[in-house]
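Hello,

I am passing on the structure that we talked about, and below it you will find my notes on what turned up when I went through it. Please read them with the structure open beside you.

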Amino acid sequence: MIGALPVVFLFPALAISWLWYRLQGYDPNRKHAKVGLITVGLFAVVLLLNLFLSVRDGFIRWPGALETREKYQTVVADIARDLQNDPTNSAVIADGFYRPITADTLKREMAIDVPVRWIQTGGDVAGAIVFPKEGNGRLYVPEYAAPDPGLMEIAGVSLPPVYRSKNKPSFSIYSLPQRPEYQHIGDQATFGERITLVGYDTSMVQNEQSIQLFTVWRVDDALEADLASFVHWVDEDGSLISQHDGLDAAPETLQTGDLVVQRHILPITRSFPIGASSFHIGFYGREEGKRLLRNNESPVTTDRIIIPHDTVFGLN
């Protein structure tokens with residue numbers, strides 16, 4: 001493809017050369033001179049049109065297109081400039097799909113070394129929000145990665161944003177509360193001496209087609225990049241109703257003392273009895289599938305915590 005690019009410029013160059021030659025030898029009294037002049041004029045019009053379209057599409061529209069700016073991470077550069085002008089140790093940046101190369105781009109653009117937590121939000125993921133240990137968190141959200149409204153509500157994030165950039169794609173800045181409000185659990189569960197479940201909340205989704213579980217985690221030590229959580233929703237007979245796997249906060253970017261609010265979407269795929277059910281929650285490494293063990297627990301529940309849930313609906 002790249003090797004064929006010179007052809008695009010070769011033909012216009014040949015046309016200009018031919019046009020120049022024809023104009024130098026032009027004689028209005030020669031036979032078919034007018035036909036030749038019209039032909040030359042048409043070539044000139046086509047050449048000028050091609051030049052206009054190339055400049056408009058290649059140098060004006062394409063660089064400013066939302067898809068182009070998203071692909072080339074221009075919003076990351078915009079966020080980096082904002083952090084340069086107003087540095088903070090409690091920045092949280094959202095992305096539709098986190099990639100370590102994006103974090104590297106931010107560091108290169110900022111040219112300063114400040115801790116940044118990364119999360120995944122938007123329509124293709126469940127979503128998470130991180131509350132930095134330092135407090136006064138500043139959440140950066142590109143327009144293509146808007147968090148779920150229910151997640152923002154559970155996290156206590158006030159709307160609208162305190163700032164929205166003018167470039168496209170734009171980004172918004174939200175002020176995070178010191179800590180989210182959640183239902184504390186008496187039996188806090190620590191996994192691998194690295195991360196602890198400290199609370200949760202549940203809510204129904206419209207039409208009772210799924211349930212949302214929000215878990216709140218405290219980071220106790222450095223985490224592996226491939227760490228993921230699992231939630232198994234089972235009925236009173238122990239049969240699986242639904243499940244959700246994932247962790248939408250980039251584990252390797254989290255700091256000890258941070259709180260993470262993770263949203264889990266559990267679709268209801270079968271009929272089940274109305275009554276008692278429970279959530280089985282734990283962690284595992286994506287690469288090897290090995291689960292983190294709880295600290296000082298009996299062998300029966302060494303790799304999970306079980307949270308009772310009174311199901312007040314069903315699909316009977």
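Asp235 is found in strand 10, which covers residues 227–235, and in this predicted model the residue counts as buried, because its relative accessibility is 6% and the limit for buried is under 20%. The side chain of Asp235 does have a partner, since it reaches the backbone nitrogen of Asp237 at 2.9 Å.

Leu151 is a second buried residue, with a relative accessible area of 0%, and it belongs to helix 6, made of residues 149–155. Leaving aside residues up to four places away in sequence, Leu151 touches Gly127, Ala128, Ile129, Phe214, Val261 and Arg263. For one of these, Ala128, there is also a distance between C-alpha atoms: those of Leu151 and Ala128 are separated by 7.4 Å, although the two residues are 23 apart along the chain.

Ile129, which is among the residues that Leu151 touches, leads on to the interior of the protein. The largest nonpolar core has 48 residues, and those with the most contacts inside it are Ile129, Phe279 and Ile281. Strand 9, residues 210–219, gives the most to this core, contributing six residues. Apart from that core lies another one of 18 residues, which includes Ala91, Tyr98, Val116 and Ala250.

Which residues does Ile281 touch, not counting those up to four places away in sequence? The list is Phe191, Leu197, Leu213, Thr215, Trp217, Phe230, Val231, Asp303, Arg304, Ile305 and Ile307.

On the surface, Leu48, Leu51 and Val55 make a nonpolar patch of about 290 Å². Leu51 lies in helix 2, which spans residues 33–64, and it counts as exposed because its relative accessibility is 53%, where exposed means over 50%.

Turning to the protein chain as a whole, its secondary structure comes to six helices and 14 strands, and 43% of its 316 residues are buried. The chain exposes about 17,700 Å², of which carbon and sulfur atoms supply 56%. If you take the contacts between residues at least 6 apart in sequence, 70% of them join residues at least 24 apart.

Best wishes

Definitions and conventions: Residues numbered from 1 in each chain as written. Predicted model: local features only at pLDDT ≥ 70, side-chain atom pairs only at ≥ 80, totals over all residues. Heavy atoms only, no water. Helix = DSSP H or I, 4+ residues; strand = E, 2+ residues; numbered from the N terminus. Buried < 20%, exposed > 50% of the residue type's maximum accessible area, 1.4 Å probe, protein only. Contact = heavy atoms within 4.5 Å. Areas by Shrake-Rupley, 256 points an atom, 1.4 Å probe, with all protein chains shown as cover. Patch = residues over 30% accessible without salt bridge, like charges linked within 9 Å, V, L, I, M, F, W, Y side chains within 5 Å. Salt bridge = Lys/Arg side-chain N within 4 Å of Asp/Glu carboxyl O. Core = buried A, V, L, I, M, F, W, Y, C linked by side-chain atoms within 4.5 Å. Polar contact = N/O pair within 3.5 Å; in protein donor to acceptor, adjacent residues only side chain to side chain.
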